Amino acid sequence: MQLSPSSPKTGPEAAPDARRDVLRRPAPDRGRTLLGPALSLIHTGQTPTRSALTRALDVTRATAGAVTAELEALGLITVDSRPAAGGRGRPSHGLAIDPEGPVVVAGQIHADGLSVTLAGLGGLLDPPVQLPLPAATDPVRMLRAVAEAGAELARSTSRRCLGAALALPNPVTEPDGAALAALHFAWPSGTPVADLYDVEVGRADHGPHALRPLPTAVANDANLGALAEYRHGAGRGARHLLLVTSGHRGVGGALVIDGRLHTGSAGLALEVGHLTVDPHGRPCQCGNRGCLNSETDPDALFAAAGLTPEPGRPLLDQARELCRSAATDERARSAVEHVIDRLGLGLAGVANILNPDRVVLSGLHLDLLEAAPERLRAVVAERCLWGRSGRVPIVGAELAHSALAGAAELAWRPYLADPQSVLVG
């Protein structure tokens, strides 16, 4: 069964008529069930042409044409009206995300600031706005600050805003959305961040083009970064993807298995930052000593170099500069090697348990990998059973703002599952 045909866009006046047509005529069940898978394939860049989509969905050309026409009528994709030749077979219509289509707000709270941006489909982010932490860092004020910053961006665009999601630097329980061990800001354990963020987003003015009420979601930043890298970055094509990252402070980890985040029974899995790599090492905020958290983050790198970071500048930026100076500065090189050895111990231990087919490093860990790639891989190979056979590829992240990109993925999730839900409101 095919979708009912939709009028193609032929000019500025055609798109509203097509969307009204969609409102009048719900798609038949088979077509509706194909909309989500089709949009997901286009969103992740796997089907740049209609013929590629036809093969991926295993449907007829007519069905693929009807599905793409429906997604175009919803304002989510564009279909090139002129088939492009390339390779064997007949020319095929190009598929792309509609650059004027809807957006979501993606936000991030990290140890020394806030980030917020607008994100369309396809993993495309506007340049993020970076803001300092508010003077008071209690949960309500922090969440209000990031919600208001996102609302300001939504008011600045003529594109429709469909949701808001937030990446947090601490574990977030599922399904209730409570923050546990929010050590950077001393929030009470169990703070209901999902509910509080929803309230603050609801209070903010997102302008006339935003859905009301605006759906919200929150999750751990490492989990979201892994999801984004899996869909749009260095994790594409992996089946068991392990991501380990160090941002402004601390270390996070996440595991994606066959496209799904492994979050455990309550959303708290893969807290690799509290894996002990040096029993006599630096104290960790959790009360232990020598955690990956306290041995391989920016603070640890400065401590190993015997240096003090400059106040008032983002710590991660300074740590990256220190990594780059390792090529010419003996003190920096010694510090980088010290931290890399401990990172390698941690990666080997996790890889022995999880047996990933790819390890992606982001944040400061990406810079450590680039500073001494052979040393890090050698430490992992020496300590990891699978590493000795060369079966644990360690690669750098490709996305500049993976946690924000992951927050966007979280906000887009309901629309990727059911594209026709963009018509709500």
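Between which strand and which helix is the loop that holds His401 found? In this predicted model, His401 belongs to the loop that runs between strand 12 (394–396) and helix 14. The residue is partly exposed, because its relative accessible area of 33% falls between the limits for buried and exposed. Setting aside residues up to four places away in sequence, His401 touches Leu125, Pro128 and Gln130. The C-alpha atom of His401 also lies 9.2 Å from that of Gly363, a residue 38 places away in sequence.

The overall composition of the chain provides the setting for this loop. The protein chain contains 14 helices and 12 strands. Of its 425 residues, 52% are buried. Among contacts between residues at least 6 apart in sequence, 64% join residues at least 24 apart.

The interior may be considered next, beginning with the largest nonpolar core. This core has 66 residues, and Leu71, Ile109 and Tyr197 touch the most other members. Helix 14 (residues 402–417) supplies the largest share of the core, namely nine residues. Domain 1 (42–79 + 94–98) and domain 2 (103–223 + 403–423) both contribute residues, and the core therefore lies between them. The surroundings of Tyr197 can be listed in detail. Apart from neighbours within four places in sequence, Tyr197 is in contact with Leu143, Val146 and Ala147, with Ala164, Ala165 and Leu166, and with Thr216, Ala217 and Val218. There is also a second, separate core of 39 residues, which includes Val244, Leu322, Val339 and Ala348.

Helix 14 takes part in a helix pair as well. Two packed helices are described by the angle between their axes and the distance between the axes. For helix 7 (residues 221–232) and helix 14, the axes come within 7 Å and cross at roughly 75°. The two helices are therefore roughly perpendicular to each other, since angles of 65 to 115 degrees are classed in this way. On the side of helix 7, the contact involves Asp221, Leu224, Gly225, Leu227, Ala228, Glu229, Arg231 and His232. These residues meet Ser402, Ala403, Ala405, Gly406, Ala407, Glu409, Leu410 and Leu416 of helix 14. By residue class, the contact comprises eight nonpolar, four polar and four charged residues.

What lies in the loop between strand 6 (161–168) and helix 6 (193–203)? His184 is one of its residues, and Pro175, Ala186 and Pro192 are placed there too. His184 counts as partly exposed because its relative accessibility is 25%. Leaving out neighbours within four places in sequence, His184 is in contact with Ala111, Pro169, Arg249 and Gln285. A separation of 9.1 Å is found between the C-alpha atoms of His184 and Gly250, which are 66 residues apart along the chain.

Pro192, in this loop, is partly exposed at 38% relative accessibility. With residues up to four places away in sequence not counted, Pro192 touches Gly177 and Ala178. The C-alpha atoms of Pro192 and Asp176 are separated by 7.6 Å, although these residues are 16 apart along the chain.

Several backbone details remain to be described. Most residues other than glycine have a negative phi, and most peptide bonds are trans. Within the loop between strand 6 and helix 6, Ala186 has a positive phi of about 55° although it is not a glycine. Ala186 is exposed, because its relative accessible area is 65%, and the limit for this class is over 50%. Asp58 likewise has a positive phi, near 60°. Asp58 is found in the loop between helix 3 (50–57) and helix 4 (61–73), and its relative accessibility of 68% places it in the exposed class.

The peptide bonds that precede two prolines also merit inspection. Glu174 and Pro175 are joined by a cis peptide bond, with omega about 5°; Pro175 belongs to the loop between strand 6 and helix 6. The bond from Arg212 to Pro213 is cis as well, and its omega is near -10°. Pro213 lies in the loop between helix 6 and strand 7 (216–220).

Terms used: Residues are numbered from 1 along each chain as its sequence is written. This is a predicted model: local features need pLDDT of at least 70, side-chain atom pairs count only at pLDDT 80 or more; totals for chains, interfaces and linings use all residues. Side-chain values use heavy atoms; hydrogens and water are left out. A nonpolar core is a set of buried Ala, Val, Leu, Ile, Met, Phe, Trp, Tyr and Cys residues joined through side-chain atoms within 4.5 Å. Buried means under 20% relative accessible area, exposed over 50%, partly exposed in between (1.4 Å probe, protein chains only). Helices (H or I, at least four residues) and strands (E, at least two) are DSSP runs, numbered from the N terminus. Domain bounds come from an automatic or database domain assignment. Contact means heavy atoms within 4.5 Å. Axes are lines fitted to C-alpha atoms, for helices over the stretch in contact, and angles run from 0 to 180 degrees between N-to-C directions. Angles under 35 degrees count as roughly parallel, over 145 as roughly antiparallel, 65 to 115 as roughly perpendicular and the rest as oblique. Ala, Val, Leu, Ile, Met, Phe, Trp, Tyr, Cys and Pro count as nonpolar, Asp, Glu, Lys and Arg as charged, and the others, Gly among them, as polar.
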